[in-house]
Amino acid sequence: CPPPKKEICVPRSFGKLVKTRAGVREAVAVYATRAAEKLRKQRYAAGALRVFIMTNRFRDEPQYTNSTILEVPVPTDCTGELIRFALRGADSIYRDGYRFYKAGVLLTNLVPSSAVQTDLFYKRDFEGTRRLMEALDHINANMGPNTVKYAAAGLAQRWKTKFNHRSPRYTTRWEDLPVALSSRRNNVVCEGVGC
């Protein structure tokens, strides 16, 4: 039985440096979405989240790194709520004049989603939100990732991480499995790729 999780983090480097507030907001919304998916899959709710952005310290240009922590009034696993808090955090730490290299969302204060303690004055339709998230996860699982997504995540995502130099994932993707070919040349059997 694994020990309970303490945090869930989704950090990514951008495929292209981001210079605009809109680009940073879009990236943070995507990362908050991914973190919320992980949260629901593991049946947790987050009580706080940390948003961070940073420039590339290896470039000879102005440097800036910052993060902020936002407390969630009632622990949640709802993507919409987590995006709202993450965007608020991104707006508070964003500064003009920098080219950002990386951003991320870290969910902390995790509690089991079945044991969320609510506030008397907190208005939210917990059952409706749960059904909405189940439907969203079901559609994306069956129709492909990002079939249905929040508008804050954007459409073009020019900053999206590039995976040009990723190693083959033989154990998790059918497309990456090596193909063994067999042919006869001069009565010698040649097996393997390139024969």
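A residue counts as buried when its relative accessible area is under 20%, as exposed when that area is over 50%, and as partly exposed in between. The exercises below apply this to a predicted model.

**Exercise 1. Classify Cys9 and Cys78 by their accessibility, and state how many disulfides the structure holds.**

Solution. Begin with Cys9, whose relative accessibility is 33%, so that this cysteine counts as partly exposed. Continue with Cys78, which has a relative accessible area of 8% and is therefore buried, because the value falls under 20%. Finally, turn to the disulfides: the structure holds zero of them.

**Exercise 2. Compare the end-to-end reach of helices H1 and H2 with the span expected at 1.5 Å a residue.**

Solution. Take H1 to begin with: this helix covers residues 21-41, has 21 residues, and reaches 30 Å from its first C-alpha to its last, which is close to the expected 30 Å. Then take H2, which covers residues 79-93: its 15 residues should span 21 Å at 1.5 Å a residue, and because its end C-alpha atoms are 21 Å apart, the two values agree.

**Exercise 3. Determine which residues of H2 are buried and which elements cover them.**

Solution. The buried residues of H2 are Thr79, Glu81, Leu82, Ile83, Phe85, Ala86, Leu87, Gly89, Ala90 and Ile93. The next step is to look for their cover, which includes the helices H1 and H3 together with strand E2 (44-55), strand E3 (65-76) and strand E4 (100-112).

**Exercise 4. Locate Arg43 and Asn109, describe their phi angles, and classify their accessibility.**

Solution. Arg43 is placed just after H1, in the loop between H1 and E2, and its phi is near 60°, a positive value in a residue other than glycine. With a relative accessible area of 64%, Arg43 is over the 50% cut-off and therefore exposed. Asn109, for its part, lies in strand E4 and has a positive phi of about 50°, although this residue is not a glycine either. Its relative accessibility is 43%, so Asn109 counts as partly exposed.

**Exercise 5. Identify the residues that make the nonpolar surface patch of about 260 Å², and describe the place and accessibility of Val148.**

Solution. The patch is made by Ile139, Met143 and Val148. Of these residues, Val148 has its place in the loop between helix H3 (126-143) and strand E5 (182-185). The last step concerns accessibility: Val148 stands at 33%, so this residue counts as partly exposed, and patch members need over 30% relative accessible area, a condition that this value meets.

Definitions and conventions
Residues are numbered from 1 along each chain as its sequence is written. This is a predicted model: local features need pLDDT of at least 70, side-chain atom pairs count only at pLDDT 80 or more; totals for chains, interfaces and linings use all residues. Side-chain values use heavy atoms; hydrogens and water are left out. Helices (H or I, at least four residues) and strands (E, at least two) are DSSP runs, numbered from the N terminus. The expected span of a helix is 1.5 Å times one less than its number of residues. Patches are made of residues with over 30% relative accessible area and no salt bridge: like charges are joined within 9 Å, nonpolar side chains (Val, Leu, Ile, Met, Phe, Trp, Tyr) within 5 Å. Accessible areas come from the Shrake-Rupley method with a 1.4 Å probe; for residues, only the protein chains shown count as cover. A salt bridge is a side-chain nitrogen of Lys or Arg within 4 Å of a carboxyl oxygen of Asp or Glu. Buried means under 20% relative accessible area, exposed over 50%, partly exposed in between (1.4 Å probe, protein chains only). A disulfide is a pair of cysteine sulfur atoms within 2.5 Å. Contact means heavy atoms within 4.5 Å.
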